[in-house]
Amino acid sequence: MNDIEKAIINITQNIWESILGLEVRRARDVAPLTQATRERSLTGCVQLAGAWEGSVFLYCSEALAGEVAATMFGTSPETLRNGDVEDALGELTNMVAGNLKIVLPRPCQLSLPAVVEGIDYRVIVPGTKIAAQVLFESNSKPLLVTVLEGGAMGSKRPSAPSGTEKKAT
Amino acid sequence: MRALILDDSRAMRTILRGILTEVGFEVLEAASVRDAIAVLGQGPDFDLALVDWNLPDVEGIEFVRQVRAQRKYDLVKLMMVTTETEAGQVANAIRAGANEYIMKPFSKQAVAEKLALLGFKISQSEHA
């Protein structure tokens with residue numbers, strides 16, 4: 001396990017506990033993830049630029065995204081307003097990326113979060129490789145945190161991840 | 001006590017509003033520096049502003065600079081609430097006039113302790 005993987009585990013568990021009051025644990029069984037890819041899902045993305053270039057992605061089912069958003073808004077998933085789920089997942093991704101900077105070369109700047117949603121899509125950042133990937137389980141649903149290294153950005157703070165591609169929605 | 005929350009995430013503003021309301025603050029919100037300056041200017045006097053760093057228009061530290069440039073806001077306590085974890089960023093915020101700094105994610109207890117450090121009277125029972 002590399003330093004980034006260790007950091008992902010600590011950071012994600014800390015966020016889930018302190019902000020959401022939910023348990024998240026590392027998952028070994030990828031079957032629920034395989035199932036989730038066939039359902040509607042969301043991916044939060046924040047890019048880092050500076051001494052280290054890369055991207056942080058949080059992928060989860062629409063159901064889990066709704067549950068964590070409802071927790072953050074102190075309501076039920078059914079009563080969330082338009083944009084609330086994306087806002088919540090973007091903020092969670094932002095927290096993971098910001099705290100990950102502790103184990104990365106400095107200085108680094110964060111982009112604003114972007115969120116992709118749909119069914120059967122791929123998010124691609126050209127010229128990158130996976131630096132770390134950790135599969136979690138929260139509320140019996142998969143949560144995948146991926147850190148890609150590379151893919152230098154043209155500007156310091158893009159409003160959306162450059163080079164991403166949505167295959168299908 | 002009156003507080004302003006400057007954060008572009010409505011989810012984060014909701015969480016912070018819950019914590020501040022619980023300990024006795026009346027809370028107003030803004031999602032951008034421009035809106036925050038406008039809200040602050042409406043008065044009456046604010047006692048506290050919680051400021052995110054990464055915002056869509058200009059960085060939150062610019063809000064700190066603009067507030068500290070006006071003497072009428074000298075008594076407003078400014079606390080950065082951000083994922084920016086670099087020591088240099090913390091130092092920049094303090095230099096610009098921020099009074100405190102708390103990293104996301106935070107616990108309710110951690111926010112309450114920072115408020116106490118800023119001189120706000122928060123009872124143990126309110127933030128336990």
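What share of the 128 residues in chain B is buried? I get 41%, counting a residue as buried if 20 or more other C-beta atoms, placed from the backbone, lie within 10 Å of its own.

I note that this is a predicted model, in which local features need pLDDT of at least 70 and side-chain atom pairs pLDDT 80 or more, while totals for chains, interfaces and linings use all residues. Residues are numbered from 1 along each chain as its sequence is written, with chains lettered from A and ligands numbered from 1 in the order in which they are written.

Chain B. I find six helices and five strands, taken as DSSP runs (helices H or I, at least four residues; strands E, at least two). From the N terminus their order is β-α-β-α-β-α-β-α-β-α-α. The radius of gyration, over C-alpha atoms, is 13 Å, which agrees with the value near 14 Å for a compact globule of 128 residues; the rule is 2.2 Å times the number of residues to the power 0.38.

Contact of A and B. I looked up residues in contact (C-beta atoms, placed from the backbone, within 7 Å). Chain A gives 23 residues and chain B gives 18 residues. On the side of chain A, α1 (3-20), α3 (62-73) and α4 (84-100) each give two or more. The largest share there, nine residues, is from α4(A).

Core. The largest nonpolar core (buried Ala, Val, Leu, Ile, Met, Phe, Trp, Tyr and Cys joined through C-beta atoms within 7 Å) has 83 residues. A:Val96 is among those with the most contacts inside it. Leaving out residues up to four places away in sequence, I list A:Ile11, A:Ile15 and A:Val145 among the residues A:Val96 touches.

Note on methods:
Contact = placed C-beta atoms within 7 Å. Buried ≥ 20, exposed ≤ 12 C-beta atoms within 10 Å, placed from the backbone.
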